[in-house]
Amino acid sequence: MRKFRNSVLLALSGLAMSVGTAWAGDWCSGQTIRLFSGGPAGGAFNSIIDRGAMQAAEDTGANVQIIYSDWDFDKMVTQLREAISQAPDGIAMMGHPGDDAIMPLAAEAAAAGIPMMYMNVDVPDVRAAFGSGYVGATLYQQGRNLGAETLRLAGDRLQPGDRAIVMSRWESENRAQRELGLVDVLEEFGMTVIKLQEAEGASADQMLQIPVLTSTLIANPDTKLIGYPGGPWLAAAPVFMDAVGKGPGDIMAVGFDLGQGVMTAFDGGYVTVTADQQPYQQGYLPVLSLCQQLVYKLGPLNVDTGAGFVTADNYKDVVALAEQGVR
(Lines give C-alpha, C1' and ligand atoms only; values in the text may rest on other atoms or scores of the structure.)
Protein backbone atom coordinates (compact mmCIF):
# COMPACT_ATOMS: atom_id res chain seq x y z
CA MET A 1 0.00 0.00 0.00
CA ARG A 2 2.84 2.37 0.94
CA LYS A 3 4.60 1.59 -2.38
CA PHE A 4 1.38 2.38 -4.27
CA ARG A 5 0.94 5.64 -2.32
CA ASN A 6 4.51 6.66 -3.05
CA SER A 7 3.96 5.94 -6.75
CA VAL A 8 0.86 8.14 -6.74
CA LEU A 9 2.71 10.94 -4.96
CA LEU A 10 5.55 10.73 -7.46
CA ALA A 11 3.08 10.86 -10.34
CA LEU A 12 1.30 13.88 -8.85
CA SER A 13 4.64 15.55 -8.23
CA GLY A 14 5.60 14.99 -11.87
CA LEU A 15 2.24 16.41 -13.00
CA ALA A 16 2.74 19.47 -10.82
CA MET A 17 6.20 20.00 -12.28
CA SER A 18 4.76 19.67 -15.79
CA VAL A 19 2.01 22.19 -15.04
CA GLY A 20 4.57 24.49 -13.46
CA THR A 21 6.69 24.30 -16.59
CA ALA A 22 3.67 25.09 -18.74
CA TRP A 23 2.93 28.18 -16.68
CA ALA A 24 6.56 29.28 -16.88
CA GLY A 25 5.84 30.98 -20.22
CA ASP A 26 8.35 29.05 -22.31
CA TRP A 27 6.55 25.79 -23.10
CA CYS A 28 6.06 26.86 -26.75
CA SER A 29 9.48 28.44 -27.22
CA GLY A 30 11.15 27.62 -30.49
CA GLN A 31 7.84 27.72 -32.38
CA THR A 32 7.33 30.54 -34.89
CA ILE A 33 3.76 31.60 -35.61
CA ARG A 34 2.71 34.07 -38.30
CA LEU A 35 -0.46 35.86 -37.27
CA PHE A 36 -2.57 37.99 -39.61
CA SER A 37 -3.81 41.09 -37.80
CA GLY A 38 -6.07 42.12 -40.68
CA GLY A 39 -5.83 45.89 -40.71
CA PRO A 40 -3.06 48.47 -40.60
CA ALA A 41 -0.46 48.67 -37.85
CA GLY A 42 -2.07 50.62 -35.03
CA GLY A 43 -5.59 50.15 -36.38
CA ALA A 44 -8.31 50.66 -33.78
CA PHE A 45 -9.75 47.16 -34.14
CA ASN A 46 -6.78 45.02 -35.03
CA SER A 47 -4.57 46.58 -32.36
CA ILE A 48 -6.78 44.71 -29.88
CA ILE A 49 -6.03 41.49 -31.76
CA ASP A 50 -2.33 42.40 -31.55
CA ARG A 51 -2.49 42.78 -27.77
CA GLY A 52 -4.09 39.36 -27.43
CA ALA A 53 -1.46 37.80 -29.68
CA MET A 54 1.41 39.43 -27.81
CA GLN A 55 0.00 38.31 -24.47
CA ALA A 56 -0.21 34.76 -25.84
CA ALA A 57 3.43 35.05 -26.99
CA GLU A 58 4.44 36.12 -23.48
CA ASP A 59 2.42 33.34 -21.85
CA THR A 60 3.65 30.56 -24.13
CA GLY A 61 7.11 31.66 -25.27
CA ALA A 62 6.15 31.37 -28.94
CA ASN A 63 7.76 33.67 -31.48
CA VAL A 64 4.69 35.49 -32.83
CA GLN A 65 5.22 37.53 -35.99
CA ILE A 66 2.32 39.85 -36.85
CA ILE A 67 1.38 40.58 -40.47
CA TYR A 68 -0.58 43.72 -41.41
CA SER A 69 -2.78 43.76 -44.51
CA ASP A 70 -4.73 47.08 -44.42
CA TRP A 71 -7.94 45.00 -44.79
CA ASP A 72 -6.94 44.36 -48.39
CA PHE A 73 -8.16 40.85 -49.21
CA ASP A 74 -5.88 40.39 -52.23
CA LYS A 75 -2.93 41.50 -50.12
CA MET A 76 -3.86 38.91 -47.50
CA VAL A 77 -3.73 36.16 -50.13
CA THR A 78 -0.32 37.33 -51.38
CA GLN A 79 1.00 37.52 -47.82
CA LEU A 80 -0.33 34.07 -47.02
CA ARG A 81 1.46 32.63 -50.05
CA GLU A 82 4.67 34.31 -48.88
CA ALA A 83 4.19 33.09 -45.31
CA ILE A 84 3.77 29.48 -46.43
CA SER A 85 6.91 29.69 -48.57
CA GLN A 86 8.89 30.84 -45.51
CA ALA A 87 7.79 27.74 -43.55
CA PRO A 88 6.77 29.00 -40.10
CA ASP A 89 5.62 26.41 -37.60
CA GLY A 90 2.02 27.66 -37.66
CA ILE A 91 -0.18 30.34 -39.25
CA ALA A 92 -3.18 32.20 -37.82
CA MET A 93 -5.05 33.54 -40.84
CA MET A 94 -7.89 35.99 -41.34
CA GLY A 95 -10.66 34.36 -43.36
CA HIS A 96 -11.70 37.51 -45.24
CA PRO A 97 -10.51 36.44 -48.72
CA GLY A 98 -12.99 33.55 -48.56
CA ASP A 99 -12.99 29.81 -49.09
CA ASP A 100 -12.19 29.85 -52.81
CA ALA A 101 -9.17 32.12 -52.48
CA ILE A 102 -7.72 30.38 -49.43
CA MET A 103 -8.40 26.74 -50.34
CA PRO A 104 -5.37 26.13 -52.65
CA LEU A 105 -3.01 27.84 -50.22
CA ALA A 106 -4.43 25.89 -47.30
CA ALA A 107 -3.65 22.76 -49.31
CA GLU A 108 -0.04 23.94 -49.74
CA ALA A 109 0.26 24.59 -46.01
CA ALA A 110 -1.16 21.16 -45.19
CA ALA A 111 1.26 19.49 -47.60
CA ALA A 112 4.13 21.36 -45.92
CA GLY A 113 2.97 20.28 -42.46
CA ILE A 114 2.05 23.81 -41.34
CA PRO A 115 -1.07 23.87 -39.14
CA MET A 116 -3.42 26.79 -39.70
CA MET A 117 -6.00 28.48 -37.51
CA TYR A 118 -8.59 30.92 -38.82
CA MET A 119 -9.89 33.99 -37.06
CA ASN A 120 -12.44 36.80 -37.34
CA VAL A 121 -14.09 35.49 -40.53
CA ASP A 122 -14.84 31.80 -40.92
CA VAL A 123 -13.95 29.67 -43.94
CA PRO A 124 -16.05 26.56 -43.29
CA ASP A 125 -15.18 24.77 -46.54
CA VAL A 126 -11.44 25.17 -45.91
CA ARG A 127 -11.77 24.03 -42.32
CA ALA A 128 -13.83 21.02 -43.33
CA ALA A 129 -11.18 20.03 -45.88
CA PHE A 130 -8.19 20.35 -43.54
CA GLY A 131 -9.55 20.10 -40.00
CA SER A 132 -8.51 23.59 -38.94
CA GLY A 133 -9.93 25.58 -36.06
CA TYR A 134 -11.72 28.95 -35.93
CA VAL A 135 -11.78 31.68 -33.30
CA GLY A 136 -14.36 34.37 -33.96
CA ALA A 137 -18.05 35.13 -33.96
CA THR A 138 -20.61 33.00 -35.78
CA LEU A 139 -21.09 35.87 -38.15
CA TYR A 140 -24.53 35.39 -39.70
CA GLN A 141 -26.11 34.55 -36.34
CA GLN A 142 -24.35 37.48 -34.71
CA GLY A 143 -25.86 39.77 -37.35
CA ARG A 144 -29.32 38.33 -36.75
CA ASN A 145 -28.88 38.76 -33.01
CA LEU A 146 -27.90 42.39 -33.52
CA GLY A 147 -30.99 42.93 -35.65
CA ALA A 148 -33.25 41.49 -32.97
CA GLU A 149 -31.57 43.57 -30.25
CA THR A 150 -31.82 46.70 -32.40
CA LEU A 151 -35.56 46.24 -32.86
CA ARG A 152 -36.00 45.57 -29.14
CA LEU A 153 -34.13 48.71 -28.12
CA ALA A 154 -35.76 50.86 -30.81
CA GLY A 155 -39.29 50.22 -29.67
CA ASP A 156 -41.63 52.54 -31.59
CA ARG A 157 -38.74 54.40 -33.24
CA LEU A 158 -38.63 51.81 -36.02
CA GLN A 159 -41.69 50.69 -37.96
CA PRO A 160 -42.35 48.43 -40.96
CA GLY A 161 -41.80 50.52 -44.07
CA ASP A 162 -38.97 52.56 -42.54
CA ARG A 163 -35.69 52.79 -44.42
CA ALA A 164 -32.26 51.59 -43.26
CA ILE A 165 -28.75 51.55 -44.71
CA VAL A 166 -26.39 48.67 -43.98
CA MET A 167 -22.77 48.87 -45.15
CA SER A 168 -20.44 45.95 -45.85
CA ARG A 169 -17.98 44.41 -48.26
CA TRP A 170 -20.85 42.77 -50.08
CA GLU A 171 -18.60 41.25 -52.72
CA SER A 172 -17.08 38.96 -50.08
CA GLU A 173 -19.62 36.28 -49.18
CA ASN A 174 -17.68 35.05 -46.14
CA ARG A 175 -16.95 38.51 -44.75
CA ALA A 176 -20.44 39.97 -45.29
CA GLN A 177 -22.30 37.27 -43.35
CA ARG A 178 -22.89 39.28 -40.20
CA GLU A 179 -24.22 42.34 -42.06
CA LEU A 180 -26.39 39.99 -44.13
CA GLY A 181 -27.86 38.61 -40.90
CA LEU A 182 -28.71 42.16 -39.82
CA VAL A 183 -30.30 42.93 -43.20
CA ASP A 184 -32.40 39.76 -43.11
CA VAL A 185 -33.88 40.57 -39.71
CA LEU A 186 -34.68 44.17 -40.66
CA GLU A 187 -36.30 43.07 -43.93
CA GLU A 188 -38.29 40.36 -42.16
CA PHE A 189 -39.56 43.10 -39.85
CA GLY A 190 -40.72 45.01 -42.93
CA MET A 191 -38.05 47.67 -43.32
CA THR A 192 -36.58 48.70 -46.66
CA VAL A 193 -32.81 48.15 -46.53
CA ILE A 194 -30.21 49.71 -48.81
CA LYS A 195 -27.13 47.47 -48.97
CA LEU A 196 -24.40 50.08 -49.38
CA GLN A 197 -21.00 48.93 -50.65
CA GLU A 198 -17.90 50.06 -48.77
CA ALA A 199 -15.83 52.47 -50.83
CA GLU A 200 -12.46 51.25 -52.08
CA GLY A 201 -9.95 51.50 -49.23
CA ALA A 202 -12.57 52.57 -46.68
CA SER A 203 -12.01 49.51 -44.49
CA ALA A 204 -8.68 51.09 -43.51
CA ASP A 205 -9.74 54.75 -43.84
CA GLN A 206 -13.43 55.27 -43.10
CA MET A 207 -13.33 58.88 -44.27
CA LEU A 208 -13.25 57.55 -47.84
CA GLN A 209 -16.88 56.51 -47.30
CA ILE A 210 -18.14 60.06 -46.70
CA PRO A 211 -19.01 60.94 -50.33
CA VAL A 212 -21.02 57.78 -51.07
CA LEU A 213 -22.74 57.71 -47.66
CA THR A 214 -23.57 61.41 -47.86
CA SER A 215 -25.06 61.10 -51.33
CA THR A 216 -27.08 58.05 -50.26
CA LEU A 217 -28.48 59.85 -47.22
CA ILE A 218 -29.33 62.93 -49.31
CA ALA A 219 -31.18 60.69 -51.76
CA ASN A 220 -32.93 58.91 -48.86
CA PRO A 221 -33.62 61.62 -46.24
CA ASP A 222 -36.12 59.38 -44.42
CA THR A 223 -33.40 56.92 -43.36
CA LYS A 224 -33.98 55.87 -39.75
CA LEU A 225 -31.08 53.48 -39.15
CA ILE A 226 -27.52 52.85 -40.31
CA GLY A 227 -25.78 49.54 -39.72
CA TYR A 228 -22.01 49.96 -39.61
CA PRO A 229 -19.60 47.08 -40.42
CA GLY A 230 -17.09 47.47 -37.58
CA GLY A 231 -15.76 49.42 -34.62
CA PRO A 232 -13.79 52.04 -36.57
CA TRP A 233 -16.96 52.70 -38.56
CA LEU A 234 -19.05 53.23 -35.44
CA ALA A 235 -16.32 55.50 -34.09
CA ALA A 236 -16.70 57.60 -37.26
CA ALA A 237 -20.49 57.92 -36.91
CA PRO A 238 -20.25 61.47 -35.45
CA VAL A 239 -18.22 62.57 -38.49
CA PHE A 240 -20.66 60.95 -40.91
CA MET A 241 -23.63 62.59 -39.20
CA ASP A 242 -21.97 65.99 -39.14
CA ALA A 243 -21.36 65.68 -42.89
CA VAL A 244 -25.13 65.53 -43.49
CA GLY A 245 -26.15 67.96 -40.76
CA LYS A 246 -27.51 65.33 -38.37
CA GLY A 247 -27.09 65.32 -34.61
CA PRO A 248 -26.85 62.56 -31.98
CA GLY A 249 -29.75 60.16 -32.23
CA ASP A 250 -31.25 61.64 -35.41
CA ILE A 251 -30.36 58.39 -37.19
CA MET A 252 -29.89 55.26 -35.11
CA ALA A 253 -26.39 53.79 -35.41
CA VAL A 254 -25.80 50.10 -34.74
CA GLY A 255 -22.94 47.81 -35.63
CA PHE A 256 -20.14 45.60 -34.45
CA ASP A 257 -17.09 45.79 -32.18
CA LEU A 258 -15.75 48.10 -29.50
CA GLY A 259 -12.72 50.35 -28.99
CA GLN A 260 -12.02 53.77 -27.52
CA GLY A 261 -13.56 55.55 -30.50
CA VAL A 262 -16.80 53.62 -30.11
CA MET A 263 -16.92 54.57 -26.42
CA THR A 264 -16.59 58.23 -27.43
CA ALA A 265 -19.42 57.82 -29.94
CA PHE A 266 -21.58 56.22 -27.24
CA ASP A 267 -20.74 59.09 -24.90
CA GLY A 268 -21.86 61.59 -27.53
CA GLY A 269 -25.17 59.81 -28.03
CA TYR A 270 -24.44 58.64 -31.57
CA VAL A 271 -24.51 54.85 -31.07
CA THR A 272 -27.39 52.70 -29.85
CA VAL A 273 -25.90 49.20 -29.71
CA THR A 274 -22.88 47.24 -30.89
CA ALA A 275 -22.28 43.48 -31.00
CA ASP A 276 -19.01 42.59 -29.30
CA GLN A 277 -16.84 39.88 -30.90
CA GLN A 278 -13.93 40.09 -28.42
CA PRO A 279 -10.96 40.53 -30.80
CA TYR A 280 -8.53 40.13 -27.89
CA GLN A 281 -9.51 36.46 -27.82
CA GLN A 282 -9.13 36.31 -31.60
CA GLY A 283 -5.49 37.26 -31.13
CA TYR A 284 -4.79 35.17 -28.05
CA LEU A 285 -6.57 31.88 -28.70
CA PRO A 286 -5.22 31.05 -32.20
CA VAL A 287 -1.67 31.35 -30.85
CA LEU A 288 -2.56 29.19 -27.85
CA SER A 289 -4.23 26.61 -30.06
CA LEU A 290 -1.35 26.43 -32.53
CA CYS A 291 1.08 25.99 -29.64
CA GLN A 292 -1.05 23.20 -28.23
CA GLN A 293 -1.19 21.52 -31.64
CA LEU A 294 2.55 21.86 -32.19
CA VAL A 295 3.80 20.95 -28.71
CA TYR A 296 1.08 18.74 -27.21
CA LYS A 297 -0.45 17.36 -30.44
CA LEU A 298 -3.89 18.51 -29.35
CA GLY A 299 -6.74 19.24 -31.74
CA PRO A 300 -7.53 22.80 -32.85
CA LEU A 301 -9.80 25.08 -30.87
CA ASN A 302 -13.15 26.27 -32.22
CA VAL A 303 -14.44 29.20 -30.17
CA ASP A 304 -17.42 31.49 -30.80
CA THR A 305 -16.29 34.88 -29.48
CA GLY A 306 -19.60 36.67 -30.10
CA ALA A 307 -20.14 37.62 -26.46
CA GLY A 308 -23.20 39.85 -26.49
CA PHE A 309 -24.10 43.52 -26.73
CA VAL A 310 -22.84 46.83 -25.48
CA THR A 311 -25.53 49.49 -25.45
CA ALA A 312 -26.02 53.12 -24.56
CA ASP A 313 -27.15 51.88 -21.13
CA ASN A 314 -24.15 49.68 -20.24
CA TYR A 315 -21.17 50.97 -22.24
CA LYS A 316 -19.63 52.70 -19.23
CA ASP A 317 -18.99 49.26 -17.72
CA VAL A 318 -16.31 48.59 -20.36
CA VAL A 319 -14.86 52.07 -20.93
CA ALA A 320 -11.79 51.35 -18.79
CA LEU A 321 -11.16 48.08 -20.65
CA ALA A 322 -11.44 49.88 -23.97
CA GLU A 323 -8.89 52.41 -22.76
CA GLN A 324 -6.56 49.48 -21.93
CA GLY A 325 -6.98 48.19 -25.46
CA VAL A 326 -8.52 44.85 -24.59
CA ARG A 327 -12.21 45.58 -25.47
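**Close-up 1. Helices α6 and α7 lie oblique to each other in this predicted model**. Helix α6, which covers residues 139–154, packs with α7 at an angle of about 40 degrees, and the axes of the two helices are 6 Å apart. Angles from 35 up to 65 degrees fall outside the ranges called roughly parallel or roughly perpendicular, and the pair is therefore described as oblique. As α6 passes α7, the crossing that the two helices make is right-handed.

**Close-up 2. Residues of α6 meet residues of α7 along the contact between the two helices**. On the α6 side the contact includes Leu139, Tyr140, Leu146, Ala148 and Leu151, while on the α7 side the residues include Leu180, Leu182, Val185, Leu186 and Phe189. The residues of this contact divide into 10 nonpolar, five polar and four charged. Among the residues that take part are Arg144 in α6 and Arg178, Asp184 and Glu188 in α7.

**Close-up 3. Arg178 and Asp257 meet through their side chains in a salt bridge**. The distance from N to O in this pair is 3.6 Å. Arg178 lies in helix α7 (residues 177–189) and Asp257 in the loop between β9 (252–256) and α11 (260–267), so the salt bridge ties together parts that are 79 residues apart in sequence. Arg178 has a relative accessibility of 5% and therefore counts as buried, and Asp257, with a relative accessible area of 3%, is buried as well. The pair also belongs to a network of salt bridges that links Arg175, Arg178, Glu179 and Asp257.

**Close-up 4. Asp276 and Arg327 form a salt bridge between their side chains**. Here the N to O distance is 2.6 Å. This pair links distant parts of the chain, since Asp276 belongs to strand β10 (residues 273–276) whereas Arg327 sits in the segment after α13 (319–323), 51 residues apart. The surroundings of the two partners can be described in turn: Asp276 is buried, with a relative accessible area of 2%, while Arg327, at 22% relative accessibility, counts as partly exposed.

**Close-up 5. Glu171 and Arg169 are joined by a salt bridge**. In general, side chains of opposite charge can pair when their charged atoms come close. The side chains of Glu171 and Arg169 meet with an N to O distance of 3.0 Å, and Arg169 is buried, with a relative accessible area of 14%. In total, the structure holds 11 salt bridges.

Methods. Residues are numbered from 1 along each chain as its sequence is written. This is a predicted model: local features need pLDDT of at least 70, side-chain atom pairs count only at pLDDT 80 or more; totals for chains, interfaces and linings use all residues. Side-chain values use heavy atoms; hydrogens and water are left out. A salt bridge is a side-chain nitrogen of Lys or Arg within 4 Å of a carboxyl oxygen of Asp or Glu. Buried means under 20% relative accessible area, exposed over 50%, partly exposed in between (1.4 Å probe, protein chains only). Helices (H or I, at least four residues) and strands (E, at least two) are DSSP runs, numbered from the N terminus. Axes are lines fitted to C-alpha atoms, for helices over the stretch in contact, and angles run from 0 to 180 degrees between N-to-C directions. Angles under 35 degrees count as roughly parallel, over 145 as roughly antiparallel, 65 to 115 as roughly perpendicular and the rest as oblique. A crossing is left-handed if the near helix is turned anticlockwise from the far one by less than a right angle, and right-handed if clockwise. Contact means heavy atoms within 4.5 Å. Ala, Val, Leu, Ile, Met, Phe, Trp, Tyr, Cys and Pro count as nonpolar, Asp, Glu, Lys and Arg as charged, and the others, Gly among them, as polar.
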